[in-house]
Amino acid sequence: MHKQQVNSCCLFFMRNVRFNSEGMRLQKGDKKNLYELLKSLLKNSGKNVFVSIFLQILTGFTQGIGLLMLIPLLSIVGIFDKQAKGSEFSGKLVSFFQGFGFPEGIIPILLLYILVVSLNAAVSKYQTLNDAKIQQGFVRYLKDRLYTSIGHSEWLFVSRLRMADVAHIITSEVQRAGQVIIQMLRFTSTFIMMLAYLAVAVMLSAKMALLSLIGGIILLAIGNRKNRQAYNIGKSGQRSMKKVYQVVLEHLAGMKIAKSFAEEDRYIAEFIRHSEEVEKNKIEYAVLSSRTSLMFSIGTVVLLSIYVYFAIEVIGLQASTLLVLIYIFSRLLPKVSSLQTAYQSILQSLPAFTAVTKLQNDCNNFAENLNRDNTLGKLGGNIGISHVTFGYGGKPVFENYSLQIQSNTILCITGQSGSGKTTLADLILGLLKPLDGKVYIDNLPLDDKNIFQWRKSIGYVAQESFLFNDTIRNNLLWTKPDATSEEIWDALKKSSADEMVQKFELGLETVVGDRGAQLSGGERQRLALARALVRKPTLLILDEATNALDPLNESKIIEALYRLKGTTTMIIISHNEAIHSIADQVVNIGNGGMAHGS
């Protein structure tokens with residue numbers, strides 16, 4: 001879509017909501033986010049948006065035609081007299097119909113009226129479906145874009161995110177942001193319908209049309225005071241739902257610990273408290289909406305009474321013309337209420353889109369611009385760490401640190417807790433980037449051109465390996481989707497897990513449960529090692545993978561590692577002397593990042 005068209009449509013909506021900005025001045029950041037939302041919407045669903053606007057105009061046009069059709073109908077039954085202004089329109093419309101071959105009489109007029117109203121209903125239906133597609137398509141677009149950005153962000157940034165907040169934004173807040181879209185479409189639709197009603201009113205009486213417009217503005221001015229409350233309710237609801245997500249995810253992750261300490265009631269009480277806040281917030285918004293509706297209902301009756309008095313006593317309109325104008329007025333004022341309601345809904349949902357936009361922008365600022373070319377093949381060879389400096393928050397972990405790791409050897413990293421063992425592994429993985437110095441893979445500097453392919457060449461086993469709630473086969477295929485059954489069983493054998501899997505009744509089709517809950521810690525670790533070996537890595541990293549294991553499982557993994565010696569490069573973070581004994585090199589990370597080889 002042309003950039004000028006996008007900006008024009010964005011400015012159109014911003015101008016139409018500006019009349020209420022005095023009652024609720026959006027923050028500068030919120031205005032910017034709303035503008036960006038419109039630009040993103042038009043870029044993603046531009047064609048459907050313009051179709052929606054066209055359908056809105058067509059709906060307004062057919063609605064106006066339907067109103068004008070009342071005039072010849074009333075004229076035929078004798079309600080309009082010869083002096084009534086409505087008879088002028090009646091004559092013109094009848095002449096127009098006769099020009100197209102329509103016969104005179106009430107039956108043809110009624111049939112045409114049915115046709116116009118049916119067309120209006122059909123267009124409205126298609127518009128509703130089109131708007132739903134726009135909303136759901138845009139919600140999916142926001143989710144996909146945000147989740148992709150999170151996945152492509154730097155690890156240091158992702159590791160500092162609160163996962164409960166991320167889950168809340170991706171699920172709840174993105175869905176609420178979609179409400180902004182549907183309410184904006186309703187806003188423009190209602191605005192166009194109001195223009196159609198006013199156009200018909202002007203044809204009948206310009207003075208009464210002006211009075212209708214003034215009445216609508218008065219109602220909007222009265223309801224304007226409720227807008228700030230709608231925005232604040234939206235902010236409050238966002239905080240409450242975020243707390244609910246935090247409690248749920250943290251409680252489920254730590255359920256065993258909570259039950260072990262008999263403290264599950266604390267989580268339950270906290271969940272109930274935040275759930276009550278969510279309930280209170282939703283009721284508060286329902287009260288606001290009902291008060292707004294009540295105010296507009298009473299205001300409409302009062303203004304209608306003034307309208308009738310003014311038409312009869314001041315202007316002296318004929319009863320026939322007044323009848324049609326009253327009908328138009330009774331349809332117009334509820335549209336003003338709908339306009340106000342749509343705007344309040346936009347304000348109430350806008351904080352959700354602001355949260356989505358903030359996380360999206362943060363991810364973009366920390367995006368990994370990696371070359372994701374899979375045709376480069378596996379990387380491997382000698383690993384060199386040359387004069388690397390790295391730290392967190394200004395606190396150095398390594399300063400001018402160097403280390404050489406020969407291909408197909410075993411390096412064991414040991415040291416005190418917090419000395420930087422995992423940090424060193426993450427620097428080699430390319431998850432962290434040195435502030436100074438370089439990491440080399442077979443004399444090739446590790447950078448954005450080859451980090452992705454380097455990670456594709458690595459097998460990684462963490463201290464608490466994560467298994468998906470799926471079959472053993474699918475868990476192992478996760479690192480190499482095209483692996484054959486022979487390759488899977490070869491990896492299981494190399495990790496000393498083949499006999500274990502064979503004992504399961506369903507074998508490879510055994511479901512391991514959530515996070516591998518159906519397996520013991522040792523069984524999970526052996527499957528995690530097998531998963532890493534399926535891809536035949538040139539570098540295998542084990543980050544304290546045997547620390548929490550019983551002696552039997554620990555010995556099985558050490559035995560598996562010993563059999564792998566010489567076939568791939570291994571970096572093992574461990575304090576275990578048995579692992580030290582099979583290593584070619586042991587590095588002790590101490591104060592200042594000093595390394596001691598053996």
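1. A residue is called buried here when its relative accessible area is under 20%, exposed when that figure is over 50%, and partly exposed in between. With that in hand, the protein chain is easy to size up: of its 598 residues, 48% count as buried. Keep in mind that this is a predicted model.

2. Here is the overall picture. The secondary structure comes to 19 helices and nine strands. Among the contacts in the protein chain with a separation of 6 or more, 79% are between residues 24 or more positions apart. The accessible surface of the protein chain is about 30,100 Å², and 58% of it belongs to carbon and sulfur atoms.

3. Helix 18 is a good place to begin looking. It runs over residues 551–564. At 1.5 Å a residue, its 14 residues should span 20 Å, and the end C-alpha atoms are indeed 20 Å apart, so the expected and modelled spans agree.

4. Which residues of helix 18 are buried? They are N553, I557, I558, A560, L561 and L564. Because they cover an arc of only 155° around the axis, they sit on the same side of helix 18. On the other side, P551, L552 and Y562 are exposed.

5. What do the buried residues of helix 18 pack against? The partners are strand 3 (410–415), strand 7 (539–543) and strand 8 (569–573), along with helix 15 (485–494), helix 17 (521–534) and helix 19 (577–582). Just after helix 18, G566 has a positive phi of about 90°.

6. P551 deserves a second look. It lies in helix 18, and its relative accessible area is 67%, over the 50% cut-off, so P551 counts as exposed. The C-alpha atom of P551 is 9.5 Å from that of G522, although the two residues are 29 apart along the chain.

7. Helix 12 (residues 421–429) is mostly covered, with eight of its nine residues buried. Those buried residues are K421, T423, L424, A425, D426, L427, I428 and L429. Just after helix 12 comes G430, with a positive phi of about 85°.

8. Two residues have a positive phi without being glycines. S496 is one, at about 60°, and S496 is found in the loop between helix 15 and helix 16 (498–503). K536 is another, at about 55°, and K536 has its place in the loop between helix 17 and strand 7. Are these two buried or partly exposed? S496 has 13% relative accessibility, under the 20% cut-off, so S496 counts as buried. K536 has 40%, which lies between the cut-offs of 20% and 50%, so K536 counts as partly exposed.

9. On the surface, have a look at L210, L213, I214, I217 and I218, which make a nonpolar patch of about 430 Å². I218 is found in helix 7 (residues 206–223) and is partly exposed, with a relative accessible area of 40%.

10. Now for the charged pairs: a search of the whole structure finds twelve salt bridges. One of them joins D144 and R140, with the closest N and O atoms 3.2 Å apart. Both residues lie in helix 4 (residues 106–151), four residues apart, about one turn of the helix. D144 is partly exposed at 38% relative accessible area, and R140 is partly exposed at 49%.

11. R176 and E173 form a salt bridge too, their closest N and O atoms being 3.2 Å apart. These two are three residues apart in helix 6 (residues 163–204), so about one helical turn separates them. An α-helix has 3.6 residues a turn, so residues three or four places apart point the same way. Both partners are covered: R176 is buried with a relative accessible area of 17%, and E173 is buried with 1%.

12. Helix 15 holds another such pair: the side chains of D490 and K494 meet in a salt bridge (3.3 Å, N to O). Being four residues apart in helix 15, D490 and K494 are about one helical turn from each other. D490 is partly exposed at 32% relative accessibility, and K494 is partly exposed with a relative accessible area of 34%. Elsewhere, salt bridges that share partners join K480, E487 and K536 into one network.

Notes. Residues numbered from 1 in each chain as written. Predicted model: local features only at pLDDT ≥ 70, side-chain atom pairs only at ≥ 80, totals over all residues. Heavy atoms only, no water. Buried < 20%, exposed > 50% of the residue type's maximum accessible area, 1.4 Å probe, protein only. Contact = heavy atoms within 4.5 Å. Areas by Shrake-Rupley, 256 points an atom, 1.4 Å probe, with all protein chains shown as cover. Patch = residues over 30% accessible without salt bridge, like charges linked within 9 Å, V, L, I, M, F, W, Y side chains within 5 Å. Salt bridge = Lys/Arg side-chain N within 4 Å of Asp/Glu carboxyl O. Expected span 1.5 Å × (residues − 1). Arc of directions from axis to C-beta.
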